[in-house]
Amino acid sequence: MTQPSDVTDQTIRDRLVPFPKPHFLAASDLNPFVTPQLLDLGDAFVDFNRQSSKALDLLHGRTVVNLFFENSTRTSSSFEIAAKRLGADVVTMPVGSSSVKKGETLIDTAVTLNAMKPDILVIRHGASGAAELLSQKVGCAVVNAGDGRHEHPTQALLDLLSMRRAFGDVTSLTVAICGDITHSRVARSNVALLQMMGARVRLIGPPTLVPGDADRWGCEVFHDMREGLQGCDVVMMLRLQLERMAGALVPSTREYFRFWGLDREKLAWAKPGARVMHPGPMNRGVEIDSDVADDLDVSLIQDQVEMGVAARMAVLASLSARWGDK
């Protein structure tokens, strides 16, 4: 891996590969050949972002529109920073005060935006399939920043980048994804991408928060943390998404933490040297204890935030290379 002082514009261009699909809507838009190349590009961007000068012109003259129908701080700002560091013009649409609030449909919004000739649209929406619908109505690249319970593919890519940097290789890893699997688009994208790259994936959670068809995802399913964490290299905790739940699916947050929240005692059941991840935002004391989350010797959570900018820079640059001069 190059040192930060060695990362130049040419270093980035030498690693740049066109994205395999016109859009990045799901983890399946990647493949085992191009994913390591995207991770290599992400590595270069990590080192580049640690330099004092962070300006590139790979997306000079391009317009990136962030369209977030759901609240987001981490993902939205990550995409905005990524696009600006690549030299793009960035427009973040204030959906809360836009025509959408006045009854405009997603298709109406797509048609309006398309007339403005953007180059990349980044969308987060509460409805599964919204990103794919948008991609059918516009003449530019679309990036899914999370759609309903469907997928969040750039999160899976940045998680993979964090794991590869921590372990050197992901093909031999056993990864436990724990908690609210049912409502998690992060879980679905991570399962798909990790399995694509040869990792072994386990799902752990209460029966009420694990999908009934999870055994057909190609994963091992556990409802007991002690049993599920045995031999795991990575423990990925998920947020308990109370706002998406219809009815009481857990007895209480205190009881949830007792059985499925990650603390030192439960982490000791995993493999020695296991690392902890969380896509954020965290509910401290609900799915993870602060003592574990803040321990940089085991936690990759802050690393994931840093990898978010680098991985999204790789995606935006790669998609731009795919589309070329329209």
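## An exposed lysine in a loop

Lys-117 is exposed, at 63% relative accessible area, because anything over 50% counts that way. Keep in mind as you look around that this is a predicted model. You'll find Lys-117 in the loop between helix 4 and strand 3.

Have a look at its backbone too: the phi of Lys-117 is near 60°, a positive value in a residue other than glycine. For background, most residues other than glycine have a negative phi.

## A buried neighbour in that loop

Asp-119 sits in the loop between helix 4 (106-115) and strand 3 (120-125). Is Asp-119 buried or exposed? Its relative accessibility is 13%, so Asp-119 counts as buried, the cut-off being under 20%.

And what does its side chain reach? The side chain of Asp-119 gets to the backbone nitrogen of Thr-63, at 2.7 Å.

## The cavity

Asp-119 turns up again in the walls of a cavity. The structure holds one cavity of 30 Å³ or more, and the volume of the largest cavity is about 30 Å³. Lining the largest cavity are Arg-62, Asp-119, Ile-120, Ala-141, Leu-319, Ser-320 and Trp-323.

Which helix gives the most to this lining? That's helix 12 (residues 301-323), with three residues. Sorted by class, the lining of the largest cavity comes out as four nonpolar, one polar and two charged residues.

## A serine in helix 12

While you're at helix 12, find Ser-318, which is part of that helix. With a relative accessible area of 0%, Ser-318 is buried, since the limit is under 20%.

What does Ser-318 touch, if you leave out residues up to four places away in sequence? The list is Leu-16, Val-17, Pro-18, Phe-19 and Leu-38.

## Two domains

Now zoom out. The domain assignment splits the protein into domain 1 (9-151 + 305-321) and domain 2 (153-304). On the contact between them, domain 1 puts in 40 residues and domain 2 puts in 28 residues. Their C-alpha centres, domain 1 to domain 2, are 25 Å apart.

## The largest pocket

Both domains help to line the largest pocket: at least three residues of the lining come from each of domain 1 (9-151 + 305-321) and domain 2 (153-304). The space in the largest pocket is about 420 Å³.

How many residues line the largest pocket? There are 21, and those nearest its centre are Arg-124, Arg-185, Arg-239, Gly-280 and Pro-281. As for class, the lining of the largest pocket has ten polar, seven charged and four nonpolar residues. Helix 3 (74-85) and helix 7 (185-196) each bring at least two residues to this lining.

## A cis bond by the pocket centre

Two of the residues nearest the centre of the largest pocket, Gly-280 and Pro-281, deserve one more look. They are joined by a cis peptide bond, with omega at about -10°. As a rule, most peptide bonds are trans. Where is Pro-281? Pro-281 has its place in the loop between strand 9 (275-277) and helix 11 (290-293).

Methods:
Residues numbered from 1 in each chain as written. Predicted model: local features only at pLDDT ≥ 70, side-chain atom pairs only at ≥ 80, totals over all residues. Heavy atoms only, no water. Helix = DSSP H or I, 4+ residues; strand = E, 2+ residues; numbered from the N terminus. Buried < 20%, exposed > 50% of the residue type's maximum accessible area, 1.4 Å probe, protein only. Polar contact = N/O pair within 3.5 Å; in protein donor to acceptor, adjacent residues only side chain to side chain. 1 Å grid on protein atoms, 1.4 Å probe; cavity = no way out; pocket = protein on both sides within 12 Å on 5 of 7 lines; lining within 4 Å. Points joined across faces, edges and corners; volume = space filled by probe spheres on them. Nonpolar A, V, L, I, M, F, W, Y, C, P; charged D, E, K, R; others polar. Domains from an automatic or database assignment. Contact = heavy atoms within 4.5 Å.
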